[in-house]
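This briefing is written for a reader who meets the structure for the first time. Please view the sequence and the model together before turning to the points below.

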Amino acid sequence: LDLSNWNTSAVTDMQGMFCGTDKLNFIDLRSFQLQPSTNTNNMFSISASTQQPVNAEDKFLVLVSDDKLAGYNFEGSNRAGSKLTFNSGDGSFSDTNPNDNIRYSQERFVIKADKGATGEDLIKIVEKLVSEDIEKMNKPTKSGYEFDKWVLKAKTKAPQTKTSVNTTQNNKLTPEQITKILEKLNGVYEASWISTAINVTVPTTIPFQVVTNLMDKNEDQFISGVLKFKNNNTVRKVKVSVGSFTKDANSADELELVDPTKTNIDWDTLSSEDTMRKMALGMYVKSGFEGNPTYVKNSPLWLKPDEVNNIELGIIPEATDKDNPSEAKLSFTSEHGKNFIGGRAKGKFKLTFIFENIK
């Protein structure tokens, strides 16, 4: 049906013009220009008995350039407008109802556009409106997960049996463009989730000692294990911090750890007694952390009980895939006296880490 040659500027009464056209689902009325006083009562109304269901695939849409038509009360016309469907899956839009997992965008009956807009122009306008509707939608929640984004899972196909009306002769939309517009306005989106669980592999015991009987006295006498962290998360990096460093309640009082930057100790002249019971233990980034770490071997984080709290060490990148976690290493160094005598001094300490998922 082509109404493109109609001049409606002097029309005063359009009451019931498209009334009862329940088989009509798309009308391009961009050439219609109405007077503010034009009667448009029941212009698009259909009988309640033929009303399209809320989830009908064939939604009603009108293209207009006229302000009066754009403000028409379609809600009272028994028509079913276009709207996006948002499915949170096993998440919920409600803190109190876990089954509250479906939401809809505001029902849309009208697209306002200049009558000179082409089909491709109109598709871009619709894409912008859809993006705005997605942005406005409330974010659902899911225990143990963080909402990531809405993902288009299905398009509601515009039916081929319905009819359309064009009034814009030079910029008629093709059936394919009409279908594309209606599909975009009625898309079904599902929530995409990112696990907030920290999935890091961490050793639980790290021994260290100072070996005094090495043949090569120039060799480092300090020996320790290496802390290896593995980030198994493929979409989140992990920030690693030292939460605390304390002396174990069951530890012997033989070994004392000191911070050499806060204590004036001459390790070369330290008495044999103090050499056996005092040392400085430093931790530094060995490999695998992003960027330029603050704590390196020549400038480590000195571990003194009850004085190291909430100190960031670095960030481990996300895993390449589930079978290839990102690995990062921390190592230890020490400063200690030189006047060793026979015997040993023991100490047991507790080092606590904090792991945080970050984007």
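The points that follow are grouped by topic.

The structure is a predicted model. Among its features are an open sheet of 4 strands with mixed pairing and an open sheet of 3 strands with antiparallel pairing. The structure also holds 1 cavity of 30 Å³ or more.

**The sheet of four strands**

- The strands of this open sheet follow the order 4-3-8-6, and their pairing is mixed.
- Strand 4 (102-104) and strand 6 (145-154) each have a single partner strand, so they stand at the edges and one side of each is left without a neighbour in the sheet.
- On average, neighbouring strands of this sheet are turned by 25° against each other, with direction ignored.
- Strand 3, residues 85-87, runs antiparallel to strand 4, and 3 bridges join the two.
- Within this pairing, phenylalanine 86 has arginine 103 in strand 4 as its bridge partner.

**The sheet of three strands**

- The order of the strands in this open sheet is 17-13-19, with antiparallel pairing.
- Its edge strands are strand 17 (309-316) and strand 19 (349-358), each of which pairs on one side only.
- From one strand to the next, the twist averages 25°.
- Strand 13 (residues 237-247) is joined to strand 17 by 6 bridges, and the two run antiparallel.
- Two facing pairs can be located here: serine 244 stands opposite asparagine 309 in strand 17, and valine 238 stands opposite isoleucine 316 in strand 17.
- Strand 13 also pairs with strand 19 in the antiparallel sense, over 10 bridges.
- In that pairing, phenylalanine 245 is found opposite leucine 351 in strand 19.
- In a regular strand, side chains point alternately to one face of the sheet and to the other.

**Threonine 246 in strand 13**

- Threonine 246 has its place in strand 13.
- Its relative accessible area is 26%, and threonine 246 therefore counts as partly exposed, since partly exposed covers values between the 20% and 50% limits.
- Threonine 246 and lysine 304 are 58 residues apart along the chain, and their C-alpha atoms are separated by 7.7 Å.

**Strand 15 and its partners**

- Strand 15 (residues 278-287) is mostly covered, with 7 of its 10 residues buried.
- Strand 14 (residues 256-257) runs parallel to strand 15, and 2 bridges join them; leucine 257 stands opposite methionine 279 in strand 15.
- Strand 18 (residues 326-336) runs antiparallel to strand 15 and is joined to it by 8 bridges; serine 287 stands opposite lysine 329 in strand 18.
- Strand 16 (residues 301-302) is likewise antiparallel to strand 15, with 2 bridges between them; methionine 283 stands opposite leucine 301 in strand 16.

**The cavity**

- The largest cavity has a volume of about 30 Å³.
- Its lining consists of Ser82, Lys83, Leu84, Ser105, Arg108, Val130, Asp133 and Leu185.
- These lining residues divide into 3 nonpolar, 2 polar and 3 charged.
- Empty space of this kind is revealed by rolling a probe the size of a water molecule over the atoms.

**Three asparagine residues**

- Asparagine 186 lies in the loop between helix 3 (175-185) and strand 8 (188-195).
- Asparagine 186 counts as buried because its relative accessibility is 3%, and the limit for buried is under 20%.
- The side chain of asparagine 186 makes a polar contact of 3.3 Å with the side chain of lysine 59.
- Asparagine 78 is placed in the loop between helix 1 (67-70) and strand 3.
- The phi angle of asparagine 78 is near 65°, a positive value in a residue other than glycine.
- With a relative accessible area of 23%, asparagine 78 is partly exposed.
- Asparagine 310 is found in strand 17, and its phi is near 50°, again a positive value in a residue other than glycine.
- Asparagine 310 is exposed because its relative accessible area is 60%, and exposed means over 50%.

Terms used:
Residues numbered from 1 in each chain as written. Predicted model: local features only at pLDDT ≥ 70, side-chain atom pairs only at ≥ 80, totals over all residues. Heavy atoms only, no water. Buried < 20%, exposed > 50% of the residue type's maximum accessible area, 1.4 Å probe, protein only. Polar contact = N/O pair within 3.5 Å; in protein donor to acceptor, adjacent residues only side chain to side chain. Pairing = 2+ DSSP bridges. Axes fitted to C-alpha atoms, helices over the stretch in contact; angles between N-to-C directions. 1 Å grid on protein atoms, 1.4 Å probe; cavity = no way out; pocket = protein on both sides within 12 Å on 5 of 7 lines; lining within 4 Å. Points joined across faces, edges and corners; volume = space filled by probe spheres on them. Nonpolar A, V, L, I, M, F, W, Y, C, P; charged D, E, K, R; others polar.
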